Amino acid sequence: MIPLHLDPAQTRIALIGRGALAVRRLNWLIQGGAAPDVWSDEPSQELLTSANGRFERRLPREAELADYHAIWVADLPVESAELIANAARSANVLVNVEDVLPLCDFHTPAVLRRGQLTLTAGTGGASPAVARAARERLEAAFPESWALALKEIAQSRTALRQKGAGFDALVADARARLAQHGLT
């Protein structure tokens with residue numbers, strides 16, 4: 001697996017689904033800063049409410065899939081999900097069909113957010129439960145204070161770069177500030 005983080009401001013994202021899994025994925029995407037387009041031919045009331053206006057009450061047509069960079073599919077019958085996945089792949093769009101590994105170009109990791117610090121744990125779809133357990137270990141190892149420390153370090157980094165500081169100076173400053181916060 002190749003881990004990467006997508007910038008939701010630069011990435012067109014769609015969620016296609018119906019029920020509780022789609023709602024869970026929608027909330028996960030929103031927590032990451034995304035405002036995905038939501039498509040559903042049979043939406044649950046909770047999905048309608050959670051979509052907050054970015055909603056189409058139908059499945060997207062094949063040509064519409066090409067408008068996206070990444071698509072998540074959840075709570076659709078496998079036959080429908082497979083048609084969407086194949087069409088997305090034909091349009092060179094990355095697709096993830098929840099819990100159907102052969103239809104996934106990427107996998108969704110378990111995520112821990114501490115301000116701008118994002119830590120993930122993934123198993124390539126082998127066991128979401130194991131990824132979740134790993135995330136829980138990360139929660140213990142990375143307390144909320146990392147968010148404040150990172151904010152301070154980012155501000156310092158900007159100031160140091162304006163003064164012409166090089167890579168080694170930036171690293172030394174970051175490590176010193178982590179130590180000041182008791183995080184090393």
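Biologist: Why does E144 count as exposed?

Modeller: E144 has 54% relative accessibility, and exposed means over 50% relative accessible area, buried under 20% and partly exposed in between, with a 1.4 Å probe and protein chains only. So E144 falls in the exposed class. A friendly note on the basis: this is a predicted model, where local features need pLDDT of at least 70, side-chain atom pairs count only at pLDDT 80 or more, and totals for chains, interfaces and linings use all residues. Residues are numbered from 1 along each chain as its sequence is written, and side-chain values use heavy atoms, leaving out hydrogens and water.

Biologist: What makes E144 and R114 a salt bridge?

Modeller: Their closest N and O atoms are 3.0 Å apart. The definition asks for a side-chain nitrogen of Lys or Arg within 4 Å of a carboxyl oxygen of Asp or Glu, so the pair qualifies. R114, for its part, is buried, at 10% relative accessible area.

Biologist: Why is R25 called buried?

Modeller: Its relative accessible area is 8%, which meets the buried cut-off, so the label fits. R25 also forms a salt bridge with E98, at 3.0 Å from N to O. That pair links distant parts of the chain, 73 residues apart, with R25 in helix 1. E98 is buried as well, at 12%.

Biologist: How do you know that R18 and E42 meet in a salt bridge?

Modeller: The N to O distance is 3.7 Å, so it passes the salt-bridge cut-off. R18 is buried, with 16% relative accessible area.

Biologist: How many salt bridges does the whole structure hold?

Modeller: The search finds 15. E56, R58, R61 and E64 are linked in a network of them.

Technical notes:
Helix = DSSP H or I, 4+ residues; strand = E, 2+ residues; numbered from the N terminus.
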